[in-house]
Amino acid sequence: MRKIELLAPAKNLETGRQAILHGADAVYIGGPAFGARQAAGNSLDDIRALCDFARPYGVRVYVTLNTILYDNELREVQSLTQSLYQCGVSALITQDLALLALDCPLPLHASTQMDNRTPDKARLLQHLGYQQIVLARELSLEQIRAIHEAVPDVPLEAFVHGALCVSYSGRCQASQHCYQRSANRGQCAQFCRLAFDLLDADGEVLAHDRHLLSLRDMNRTESLEEMIDAGVSSFKIEGRLKDIPYVKNITAWYRQRLDEIIARRPDLCRASRGEHTFNFTPQPERSFNRRYTEYFLHGRQGDEASIFTPKAVGQMVGRVIEAKEARTSREARTSREAREPYIDIDLRPGITLSNGDGLCYYDEDNRLHGFRINRAAGQRAYLLNALNLPAGTSLMRNQDMAFDAALSHASAERRRPLDITLTDDLLEQTYELARTPQEDNIRRQMSRLGDTPFYLRRLDIHFTQNWFIPSSHLANLRRQLVGKAIEALDNLDNRPASTISRLAGLSTPPPFGGGREGALVSNHLARAVAERLGLHIIEACEVTPDNGEPLMICRHCLRHTLGQCPKQTGKAPTWKEPLSLRSADGRRFTLKFDCSRCEMQVLPY
């Protein structure tokens, strides 16, 4: 039976706990250092506490150690891996090849930062002992299937939801080049979310002040079963910088969708344990999103770009019927109404507005604007300031006060069934016989499992006599039994045993010739490993106009987005190339198109 894993992000300890309660089979979290989200680091004590919380449910905790490493950091990394092992961590998600040569006690997962997009790369990673491969986001179902067929025994992890990087992960050095903030060191400056002008070879402006490298957010809800059939076994939600309401909502959503598939597929099972109850209805469109795309899962669909704004757009709520600056005194029933401008909205079915909701709209130049509802009354939204919105203007909600309020409280429970059989040998002392039946009180006391991971599924009472056992003694017995149950679960190590020696992988030839796969290196160990394997070495953080390396390699293509793709139109672009991007500070970047690979490169100008 094949295990299906839902992998959720954890910004910190509490976010991780909520991800587990809302359905995660595994969580990934940044450690004290060396994670690709520098702003989402966590102490060893918090990671240990998260591992303790996860263990009764069979949930694994993965720590992201997925930055490139410098020589002066290797000793600290070595020590950190030992400490994380002692905390109970299940595996490390890594990028740097130096981890292969260090004495690391934990299984290694190949981060998407390693640019994992070919069967040959997957075979190499398997050869080196990586026990899970995080695939590039850009892959299609056919490409995923080809990788699975190449390494059928290696679990494949793929993103299903969240923000998208425009460049192949690990191959973006724009932030380092422009701002000395390396994305491969957890310091990405969000270069791809900036506004640019698009210029032709003569300097003519083809597009002005547009977010030409910004993408929508991923949502692959409709393709989960296809991904399973293609070979994906771990479904990853992006978002180690996202807040708790986001993690609750999105994790619960995918938990329900995957459970629906597993329930009708006898060949599948969950990768962790526990039964969930939610006191809200998960809805992805009500959390932060830039509108959704499946990206390239079914090939190039032309829906990946978000060039008009990099900001959250949210849920469509309706269209403007009428906007008025204020009601006249004759129309108004109160002086307050007379002062308040308002908008009447033709709301979509099921939509209810709340005080404080944030709404947004595009103007005639496709610029996004936002405003807040001061007071909601049915389909009428009262505002602090008047807005002159034409009838028919589409309105989206990018801050949902009622939904956020619901998720600010306890919104899910996760329990494991516990069966208890009571016999005389569990009693630590003798008791007098009771004059009245005691079974109801015994059941009541044993059912009080509170904040433990359990609920009482079955209680069998096999006492030889109708003993009178005080409630305090029954409570103590219950605590002892729960403690033994948790202790039994603690003995089930969630870390998979290493089946391949990583050093053995380094000492034998790789399963294909070298040179076809690149390796980003910044320390002597990684360089030695790459040379031994015959990989193309890319010196990290040293991109210049002279070394020929692109700042970005992208599947997103502006030729296609702007209707100038030769494959799509059957003719050459009408503009004069080469094209370039110009940022607001005047920097220029050359665009290079490789139609044979369906890729776009961004290079220093």
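What follows is a short dialogue on reading a helix contact, a run of strands and the cavities in a predicted model.

Trainee: Let's start with the helices. At what angle do the axes of H4 and H5 cross?

Mentor: Look at the axes, then at the residues. Here the axes of H4 (residues 119-127) and H5 (residues 141-150) cross at roughly 35 degrees and come within 9 Å. The crossing is right-handed.

Trainee: Which residues in H4 meet H5?

Mentor: On the H4 side they're Pro119, Ala122, Arg123 and Gln126, and they meet Ala146, Ile147 and Ala150 in H5. By class, that contact has five nonpolar residues, one polar and one charged.

Trainee: Now the strands. Which way does S22 run relative to S13, parallel or antiparallel?

Mentor: In a regular strand, side chains alternate between the two faces of the sheet. For direction, follow the bridges: S13 (residues 275-278) and S22 (residues 412-423) run antiparallel, joined by four bridges. Glu275 has Arg415 in S22 as its bridge partner. S22 also pairs with S23 (residues 454-462), in the parallel sense over eight bridges, and there Arg416 stands opposite Phe454.

Trainee: How many cavities of 30 Å³ or more does the whole structure have?

Mentor: Three. For each, check volume, then lining. The largest holds about 170 Å³ of space. Its lining has 17 residues, with Met114, Lys121, Gly518, Ala519 and Leu520 nearest the centre. H4 turns up again here: H4 and strand S24 (518-521) are the elements giving two or more residues to that lining. The lining divides into nine nonpolar, four polar and four charged residues.

Trainee: And what lines the second largest cavity?

Mentor: That one has about 60 Å³ of space. Its lining includes Cys172, Leu520 and Glu549, and the classes come to five nonpolar, two polar and two charged.

Notes
Residues numbered from 1 in each chain as written. Predicted model: local features only at pLDDT ≥ 70, side-chain atom pairs only at ≥ 80, totals over all residues. Heavy atoms only, no water. Axes fitted to C-alpha atoms, helices over the stretch in contact; angles between N-to-C directions. Left-handed = near helix turned anticlockwise from the far one by under 90°. Contact = heavy atoms within 4.5 Å. Nonpolar A, V, L, I, M, F, W, Y, C, P; charged D, E, K, R; others polar. Pairing = 2+ DSSP bridges. 1 Å grid on protein atoms, 1.4 Å probe; cavity = no way out; pocket = protein on both sides within 12 Å on 5 of 7 lines; lining within 4 Å. Points joined across faces, edges and corners; volume = space filled by probe spheres on them.
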